[in-house]
Protein chains: 2
Amino acid sequence: MAEVTLKDVALASGCSIATVSRVLAGTRPVGAETARTVRAAAERLGYRPNHVARALRSRSTGTVGLVLPQITNPFFPSLVRELEHALHAEGRAVLLADCDDDPVTEAARIGAFLGRQVDALLLIPVDERRSREAVAGAAARVPLVLLDRGCGPGVADSVAVDNAAGMALVLDHLAATGRRRPCFVGAAGTASAAVERRAAYEAGAAALDPEAPGRIALGDFSVEWGRAAVDRLWPSRPDALICANDLIAAGALQRLRQLGADVPGEVAVTGFDDIPLAGLADPALTTVRQPVGELAAEAARLLSRGTAGGEQGPRHTVRLAPRLVVRDSG
Amino acid sequence: MAEVTLKDVALASGCSIATVSRVLAGTRPVGAETARTVRAAAERLGYRPNHVARALRSRSTGTVGLVLPQITNPFFPSLVRELEHALHAEGRAVLLADCDDDPVTEAARIGAFLGRQVDALLLIPVDERRSREAVAGAAARVPLVLLDRGCGPGVADSVAVDNAAGMALVLDHLAATGRRRPCFVGAAGTASAAVERRAAYEAGAAALDPEAPGRIALGDFSVEWGRAAVDRLWPSRPDALICANDLIAAGALQRLRQLGADVPGEVAVTGFDDIPLAGLADPALTTVRQPVGELAAEAARLLSRGTAGGEQGPRHTVRLAPRLVVRDSG
DNA sequence: AGCAGCATGGAAAACGTTCTCCGGAAACTT
DNA sequence: AAGTTTCCGGAGAACGTTTTCCATGCTGCT
């Protein structure tokens with residue numbers, strides 16, 4: 001029942017360990033006859049290479065760490081799924097860490113992964129500012145790709161959706177359907193998604209209402225905030241509620257329904273991300289879909305291109321185009 | 001910039017590799033003076049133990065594989081979160097696999113993890129029957145705990161919610177609130193959750209309506225099926241729709257609203273699992289909450305108790321009590 | 001004084017790979 | 001025919017730990 005090793009196969013096939021390794025790894029040409037006997041012996045004994053030993057010798061574990069703020073955030077599971085598929089397809093395994101939205105935990109997890117010799121890190125930073133130190137430290141040691149959120153300039157490669165373009169899509173759509181008194185329901189804080197979406201709204205709102213720029217209310221990325229925001233904003237009767245993500249929009253929708261408002265008749269509501277919940281809301285949510293598959297593919301590409309950690313080449317920043325998904329809410 | 005190893009620390013502190021290992025691992029008493037210098041040197045050089053080498057030598061990677069059917073199933077993220085926390089707290093790392101609901105992929109992922117020498121596997125099987133072979137094979141090699149779903153008797157340790165108790169909770173509640181013409185909207189197939197919930201409904205439905213047992217409709221665990229089921233069942237005007245999970249219930253709720261039905265006035269709707277969506281539905285969903293934290297804790301406990309793989313001790317099956325969460329839908 | 005026992009430290013063997021040498025034979029080139 | 005290249009195979013070092021075994025010096029007991 002003990003594990004079958006190269007040595008066993010070598011013994012059984014009457015040649016050396018080196019030869020067995022070569023035929024199995026295909027790392028150097030080897031005689032046809034020898035190859036056949038070796039393969040037969042390996043098959044017969046049920047040999048399975050030991051990845052740990054291989055990793056020790058070749059200094060590559062074939063493992064990448066995926067560190068994210070909160071797996072329970074409904075935007076992440078589909079991203080995790082795509083990443084897992086992309087990575088497994090190249091024979092790499094995924095170590096997962098959930099940081100509970102806490103930068104301290106995040107730093108600890110990053111450290112743990114580094115100790116486990118991950119080949120690379122995929123990281124969605126908890127906080128633009130408070131994650132920076134740990135991220136920079138890690139980026140100096142292994143290839144690291146930032147996902148979905150930034151973490152200060154020049155810290156690491158990053159790939160994210162083009163938030164400005166997404167917000168522009170929303171604004172164009174609302175302008176085209178005649179909305180003129182928009183309100184933005186966003187998130188405070190320095191997270192890049194929050195900042196960029198807010199800025200893009202401000203930049204584009206003038207197109208809707210050249211005289212008075214739309215009002216802005218800031219809370220966090222939660223359903224509760226969506227509900228609360230409606231209580232604050234509804235009295236002024238906006239004709240569009242542009243929410244910084246789908247959770248906020250879901251909360252807003254819920255509260256508007258309780259108040260008896262007509263969506264989309266009186267007021268349009270839009271989200272951002274297109275989480276699964278968006279299609280289920282009532283009315284179904286018009287939102288901006290993040291290209292999750294491409295995000296994952298691009299991240300994987302950046303990773304494999306990533307040379308050994310610590311190289312200070314120029315950082316790449318990839319921005320992917322989002323797509324507007326028009327449903328019933330606006 | 002090269003990695004600092006035990007050898008470097010030994011050199012710097014003027015003693016042998018063995019001694020350094022001993023003071024750092026605390027594996028054998030060592031002179032107070034020596035210990036101090038060694039620790040100082042390690043600190044100064046920034047020594048970080050290499051887990052790969054350690055794993056090779058000690059035949060334990062401190063890694064457990066978590067294999068699940070579909071991370072996008074909204075019930076799983078919170079489970080993954082709890083498991084990740086429980087495991088990281090004991091210093092183990094989590095390798096994640098998403099099987100895309102496909103037993104073949106599942107077998108491949110299990111094999112990949114075994115090759116990576118995981119210490120143990122945590123597994124939510126895709127299918128009661130078609131997962132069995134791969135699961136049994138894996139269970140023979142490492143400690144393996146089945147989560148949430150079973151996989152045939154005697155295959156491995158398992159921990160899951162008590163589905164029968166949960167369904168009984170629902171039925172009691174509906175009986176107490178005067179519902180008499182229930183319908184069960186369940187899932188076909190052999191997945192243990194589907195089977196157990198269906199069986200429990202059948203066993204308990206008599207209490208609601210002693211003469212005619214409630215009707216049963218079977219589809220799958222999806223929102224779409226929930227919608228479709230309403231179209232099939234609503235004409236017969238049941239006064240309660242007991243859904244086998246929250247997704248089905250969400251679909252049912254959506255369709256009932258479209259049809260103008262009064263929930264919970266005319267008809268109560270209940271779910272199962274208490275996924276985040278449940279509280280957001282309109283009306284908020286009455287459902288059965290799975291004790292996710294305890295599930296994870298129990299699984300972790302079973303794992304650490306698990307001796308080396310392949311031991312054929314008696315299998316343990318842990319069933320945890322769920323809790324009824326009464327909201328607005330029934 | 002002699003010897004068991006203990007506390008401490010080092011040398012070196014393992015763990016299972018990969019990979020660099022090296023040697024010999026066969027195949028070319030001149 | 002002699003040199004040169006190519007091809008194939010083996011011995012063994014290395015990767016960074018942990019752990020076994022041994023050597024040393026000290027304590028304390030008879």
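A:L95 stands opposite B:L95 in β2(B). This pairing belongs to a predicted model, in which local features need pLDDT of at least 70, side-chain atom pairs count only at pLDDT 80 or more, and totals for chains, interfaces and linings use all residues. Residues are numbered from 1 along each chain as its sequence is written, while chains are lettered from A and ligands numbered from 1 in the order in which they are written.

Across the chain boundary, β2(A) and β2(B) pair in the antiparallel sense over three bridges. Pairing requires at least two DSSP bridges between the strands. Helices (H or I, at least four residues) and strands (E, at least two) are DSSP runs, numbered from the N terminus. In total, 37 residues of chain B are in contact with 37 residues of chain A; contact is defined by C-beta atoms, placed from the backbone, lying within 7 Å. On the chain B side, α4, α5, β2, α6, α11 (246–258) and α12 (276–280) each give two or more residues. That side divides into 20 nonpolar, ten polar and seven charged residues. Here Ala, Val, Leu, Ile, Met, Phe, Trp, Tyr, Cys and Pro count as nonpolar, Asp, Glu, Lys and Arg as charged, and the others, Gly among them, as polar.

Strand β1 (residues 63–68) of chain B is largely enclosed by the rest of the structure, because six of its six residues are buried. A residue is buried if 20 or more other C-beta atoms lie within 10 Å of its own, exposed if 12 or fewer, and partly exposed in between, with C-beta atoms placed from the backbone. In a regular strand the side chains alternate between the two faces of the sheet. In β1(B), both faces are covered: B:T63, B:G65 and B:V67 are buried on one side, and B:V64, B:L66 and B:L68 on the other.

β1(B) has two parallel partners in chain B. Six bridges join β1(B) to β2 (residues 93–98), with B:V64 partnered by B:V94. Four bridges join β1(B) to β3 (residues 120–123), with B:V67 partnered by B:L123. Together with helix α5 (residues 76–89), β1(B) and β2(B) make a right-handed β-α-β unit. The crossover is right-handed if, with the strands pointing away from the viewer, the path from the first strand over the helix to the second runs clockwise.

Helix α6 (residues 103–115) of chain B agrees with its expected length, because its 13 residues should span 18 Å at 1.5 Å a residue and its end C-alpha atoms are 18 Å apart. The expected span is 1.5 Å times one less than the number of residues. Buried residues of α6(B) are B:E106, B:A107, B:R109, B:I110, B:A112 and B:F113. Their cover includes β2 (93–98) of chain A, together with β1, β2, β3 and α7 (132–139) of chain B. B:Q117 follows just after α6(B), in the loop between α6 and β3. Its phi is near 60 degrees, a positive value in a residue other than glycine. B:Q117 counts as buried, with 20 C-beta neighbours inside 10 Å.

Both DNA strands are bordered by residues of the two chains. Around strand C there are 27 residues, the closest being A:L6, A:A53, B:S16, B:G31 and B:T34. Such a residue has its C-beta atom, placed from the backbone, within 6 Å of the strand. The largest share, five residues, comes from α4(A). The classes are 13 nonpolar, nine polar and five charged. Around strand D there are 28 residues, with A:T19, A:G31, B:L6, B:A18 and B:A53 nearest. Two or more residues come from each of α2 and α4 of chain A and α1 (6–13), α2 and α4 of chain B. This surface has 13 nonpolar, nine polar and six charged residues.

Further local features lie in loops. B:R59, between α4 and β1 of chain B, has a positive phi of about 55 degrees although it is not a glycine. B:R59 is partly exposed, with 13 other C-beta atoms within 10 Å. The A:V263 to A:P264 peptide bond is cis, with omega near 10 degrees. The bond from B:D282 to B:P283 is also cis, with omega near -5 degrees.

Notes: Two residues are in contact if their C-beta atoms, placed from the backbone, lie within 7 Å.
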